Structure formats: structure tokens, C-alpha cells
Amino acid sequence: MHTPAASALPSASSLPPPPPLHDPSRWTVDDAIGAFAHAMPNASEATRVAAFGALTRIFDPVCSRDQLVRPAFVRRAAQSFPPERRRLVLALLAAFYGFVWRAGLLDGIELGRLLLAIERARRGLGLRARVIAFPPARPGERVDVELVRLALIAEELGWWRRELRDAIDLASLASLVAHLARHDGIPLRLDRLELSRWEEELHAAGLAPTEVERRLRAIDRLLEREVPHAA
């Protein structure tokens, strides 16, 4: 991973001490980076220093929580590194955001959006598609998994609607997104769509046969064109 010159990096023993991150009104991005570097399990001094340097470089222009949680920033951050290093950078970002979430500084929906952005960036590098597994709840907390899933479906639907607004109507797209999210996870992978299974769900939902047929035709047209980020 490309990092600043070794002379510019602190040693592991001189990294900023782990701050108390339980108070969102007091933490800074630098606090979070320092705490993450200290918390890396089974990491050598060189690994901690490299992670600290890389994250400091990535988040150098970031000075607010709103910027930290902005999904568009993931793409810009990865692109600031040479192409051969971007896969490692994205993995580091995923670990960092997971840590920040577990510290209570992100909510579940914010983390989900960031992980979606990371997975799309991975696919943009030509890496094999994978389904994002949402992290387990923080110790002592309960997470409404269904609520999180529905919120992520809504986020995914909004993204696909922007990409495919001229190719498919909203009703057809919404039922397709919900179907794939239930059976294959998010982000969506259209190549894993089983049309017969989706058709059964549409009939089971009580849709008129003519409406089922209309939605199937819409998806047929969609699959005939090159779909962005479908892997």
C-alpha cells in the first residue's frame, strides 16, 4: 500500500492514544484513525503505521462527520492511490468504517451505504462480485435486521433507478430489487436472477396476470442491454 515516506510516519508507540469515542460531539476524524490503528488485532508495528499513514492520506481533506460518511468519498479516496493498490485501500476502508460503526459513531444505514459504495468500487476494479454481509450488532445492542434490510433496499433502488431510469419503470424495478435482495443480498447481481422464481413471487403477491407479464417483459428488455455494475 502506498503511504507517506517512513520518516513522516509515527512509530506505533507514538500513534495518537485511543480517544474516548463514545461522545460523538467530541471526536475528530484523526481521533478515529488513531483509535483504529491501535485497535487492529494481531497487527505488527509496520502494519499499524502503514494503516495510520494510508488513512491519514485518504481522509486528509475530511474535517467533519458529514464528509466522513458520504459514499461518494469512497470512490474519490480509492482513486487517489495507484490502481494496483486500490483493492487494499478498499479493504482498509471497509475495516475502518466497521470499526467506527462499532464505536457508535455511525448508524447502521450509514455503514450500509458506505459498504455498498465500497463493493461498487471493487466491481469497478474488475474484482469478483460478492454480497455484503452486514456486521453483527454491537455488544449489548439490538439491531432491527429487517428495518436495516428494507432501508438498504431503498438505497439500492434509488441507485438503480438513477442508472436505469430510461430502461425500466419504477414498479417493475422495485419488485425486482426486493426479490433479489431477499434471495441474493445487496448489492444486486442481475446475472443471478431466476426469472421463473421472480414470476412465482409476482403471482403470489396477487398481481394480475397482465401486470406480471408486463414486468417480465420490462426485465427482458433490461437484460438485453449492458447494465452498469451488474456482475
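## Helix 8

In this predicted model, the buried residues of helix 8 are Ser172, Leu173, Ser175, Leu176, Val177, Ala178, His179, Leu180, Ala181 and Asp184. The helix covers residues 170-184, and its 15 residues should span 21 Å at 1.5 Å a residue; the end C-alpha atoms lie 20 Å apart, which agrees.

Both ends of helix 8 have a feature to record. At the N-terminal end, Asp169 acts as a cap, with a side-chain oxygen 3.3 Å from the backbone nitrogen of Ala171. After the helix comes Gly185, which has a positive phi, near 85 degrees.

## Overall architecture

The protein contains ten helices and zero strands. Along the sequence, the pattern therefore reads α-α-α-α-α-α-α-α-α-α, with helices defined as DSSP runs of H or I of at least four residues.

Of its 231 residues, 42% count as buried. Among contacts between residues at least 6 apart in sequence, 61% join residues at least 24 apart.

## Helix 5 and its packing

Helix 5 (86-102) lies on the other side of a loop from helix 4. It has 17 residues and reaches 24 Å from its first C-alpha to its last, close to the 24 Å expected at 1.5 Å a residue. The residue that follows helix 5 is Gly104, whose phi is positive, near 90 degrees.

The buried residues of helix 5 are Arg86, Val89, Leu90, Leu92, Leu93, Phe96, Tyr97, Gly98, Val100 and Trp101. They pack against helix 1 (29-39), helix 2 (45-58), helix 3 (65-68), helix 4 and helix 6.

## Ala77 and Pro83

Ala77 belongs to helix 4. Its relative accessible area is 3%, so it counts as buried, the limit being under 20%. Apart from neighbours within four places in sequence, Ala77 is in contact with Ile58 and Leu93. Ala77 and Leu93 are separated by 16 residues in sequence, and their C-alpha atoms are 9.1 Å apart.

Pro83 is placed in the loop between helix 4 and helix 5. With a relative accessible area of 55%, Pro83 is exposed, because the threshold for that class is over 50%. Pro83 and Leu125 are 42 residues apart in sequence, with a C-alpha to C-alpha distance of 8.2 Å.

## Arg123 in helix 6

Arg123 is found in helix 6. It is a charged residue, and its relative accessible area of 10% makes it buried. The side chain of Arg123 forms a polar contact of 2.9 Å with the side chain of Glu119.

## The second largest pocket

The second largest pocket has a volume of about 190 Å³. Eleven residues line this pocket, and the closest to its centre are Arg75, Gln79, Arg120, Ala121 and Gly124. Two elements, helix 4 (71-79) and helix 6 (108-124), give two or more residues to the lining.

Helix 6 provides the largest share of the lining, four residues. By residue class, the lining divides into five nonpolar, three polar and three charged residues.

Technical notes. Residues numbered from 1 in each chain as written. Predicted model: local features only at pLDDT ≥ 70, side-chain atom pairs only at ≥ 80, totals over all residues. Heavy atoms only, no water. 1 Å grid on protein atoms, 1.4 Å probe; cavity = no way out; pocket = protein on both sides within 12 Å on 5 of 7 lines; lining within 4 Å. Points joined across faces, edges and corners; volume = space filled by probe spheres on them. Expected span 1.5 Å × (residues − 1). Buried < 20%, exposed > 50% of the residue type's maximum accessible area, 1.4 Å probe, protein only. Polar contact = N/O pair within 3.5 Å; in protein donor to acceptor, adjacent residues only side chain to side chain. Contact = heavy atoms within 4.5 Å.
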